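Here are some notes to read beside the model, set out as numbered points. I hope they help you find your way around.

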Amino acid sequence: MEKKESRGSGDNRPLRIGLFGGTFNPVHIGHLRAMVEIWESLFLDQLIIIPSAIPPHKPHGAVASASDRMSMLILALSGNEAFIPSDVEIRRKGPSYSIDTVRHYKERSAPLDELYLIMGQDAFLDICTWRDYMALLKLVPVVVMSRPGKCDGNHGSALGAVPAFLKDRISPEYRASTEPLRFDHPSSPPVLVREVTPLDISSTRIRALIQQGKSIRYLVPDSVADFIKEKGLYL
Ligand code: ATP
Ligand code: MG
């Protein structure tokens, strides 16, 4: 994957920037493949990947330190200049909230840059528990990726739960756009949906495999598997 020209001095071309947050405890190929497909589908210029400091929604289970999660992310993304790991949430004091992170990048981007907040369907269907989620949805277009095994329920399609959720839980004014895979709102940015290759992999499962003494080879990049082994993480 090639890095697209980033804006140099004198170049005012607006950039399309994806923001992808998560615990990445640890990063796995489900995350990585989804990043590639969203990059291509949204014609992004930059994809910024942001591990959270204290995961506000994860009180249970072993969490590797922020610095180990960041190190694994850097290892996983090495050789791919298009994907940029960010320690903005790790450096911020207290729990990480997406609204703060989006505001941070909005303040630093050029007026015509387009920011997109990217998340899996499971995360999106949980958004009502996020701090200032209505303000968040007013601030930035959200891109919801399909994710197998999580909340696909009886909706018949990988992202079938999203339209009813938007109307019933967020605002009845969301309407399917004439543009496919997009829901418009009269006073908020759109919500986009994207199917990605269904890879039923989660960090929870990877941590469980480690605790059972089983291999995690090929569920994470080799460099990440080696790092986990060397540091004795998740045992
Ligand atoms: P955990 O099991 O610890 O919750 P996870 O695998 O869900 O870990 P997170 O760090 O919680 O990983 O996820 C970060 C983001 O990546 C979320 O928006 C999540 O929906 C998305 N995501 C994670 N795994 C996949 C996958 N296999 N396919 C698509 N999206 C994914
Ligand atoms: Mg998760």
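1. Let us begin in the sheet, where strand 1 (16-22) pairs with strand 2 (46-51) in the parallel sense over six bridges. Two strands count as paired if DSSP finds at least two bridges between them. Strands (E, at least two residues) and helices (H or I, at least four) are DSSP runs, numbered from the N terminus. G22 has P51 in strand 2 as its bridge partner.

2. A word on conventions before going further. This is a predicted model, in which local features need pLDDT of at least 70 and side-chain atom pairs count only at pLDDT 80 or more, while totals for chains, interfaces and linings use all residues. Residues are numbered from 1 along each chain as its sequence is written, chains are lettered from A and ligands numbered from 1 in the order in which they are written, and side-chain values use heavy atoms, with hydrogens and water left out.

3. Strand 1 also pairs with strand 4, again in the parallel sense, over five bridges. Here I17 stands opposite L115 of strand 4. Further along, strand 5 and strand 8 (residues 191-194) are parallel partners over four bridges, and V142 has V191 in strand 8 as its bridge partner.

4. What is the strand order of the whole sheet? It is an open sheet of eight strands, ordered 3-2-1-4-5-8-7-6, and the pairing is mixed. Strand 3 (83-85) and strand 6 (175-176) are the edge strands, each pairing on one side only.

5. Now for the packing. The largest nonpolar core has 39 residues, and M35, L47, I49, M72 and F83 have the most contacts inside it. Helix 1 (29-42), helix 2 (66-77), helix 8 (203-211) and helix 9 (222-231) are among the elements that give two or more residues to this core, as are strands 2, 4 and 5. Helix 1 gives the most, with seven residues. A nonpolar core here is a set of buried Ala, Val, Leu, Ile, Met, Phe, Trp, Tyr and Cys residues joined through side-chain atoms within 4.5 Å. Buried means under 20% relative accessible area, exposed over 50%, and partly exposed in between (1.4 Å probe, protein chains only). In soluble globular proteins, nonpolar side chains tend to be buried together.

6. L47 is a good residue to click on. Leaving aside neighbours within four places in sequence, L47 is in contact (heavy atoms within 4.5 Å) with G18, L19, F20, M35, W39, A82, F83, I84 and I118. A second, separate core of 30 residues includes I17, L115, M119 and L136; I17 and L115 are the pair that stand opposite each other in the sheet.

7. How do helix 2 and helix 9 cross? Their axes come within 8 Å and cross at roughly 150 degrees, which makes helix 2 roughly antiparallel to helix 9. The axes are lines fitted to C-alpha atoms, for helices over the stretch in contact, with angles from 0 to 180 degrees between N-to-C directions. Angles over 145 degrees count as roughly antiparallel, under 35 as roughly parallel, 65 to 115 as roughly perpendicular and the rest as oblique. On the helix 2 side, D68, S71, M72, L75 and A76 meet S223, V224, F227, I228 and K231 of helix 9.

8. A76, in helix 2, deserves a look of its own. A76 counts as buried because its relative accessibility is 18%. Outside its neighbours within four places in sequence, A76 is in contact with V27, L32, P221, S223 and V224. A76 and D222 are 146 residues apart in sequence, yet 8.5 Å apart in space, C-alpha to C-alpha.

9. Please also check the backbone in the loop between strand 1 and helix 1, where both F24 and P26 lie. A cis peptide bond joins N25 and P26, with omega about 5 degrees. F24 has a positive phi of about 50 degrees although it is not a glycine, and it counts as buried at 2% relative accessibility. Most residues other than glycine have a negative phi, and most peptide bonds are trans.

10. Is D132 buried or partly exposed? D132, in the loop between helix 5 (121-124) and helix 6 (133-139), counts as partly exposed, at 42% relative accessibility. Phi of D132 is near 50 degrees, a positive value in a residue other than glycine.
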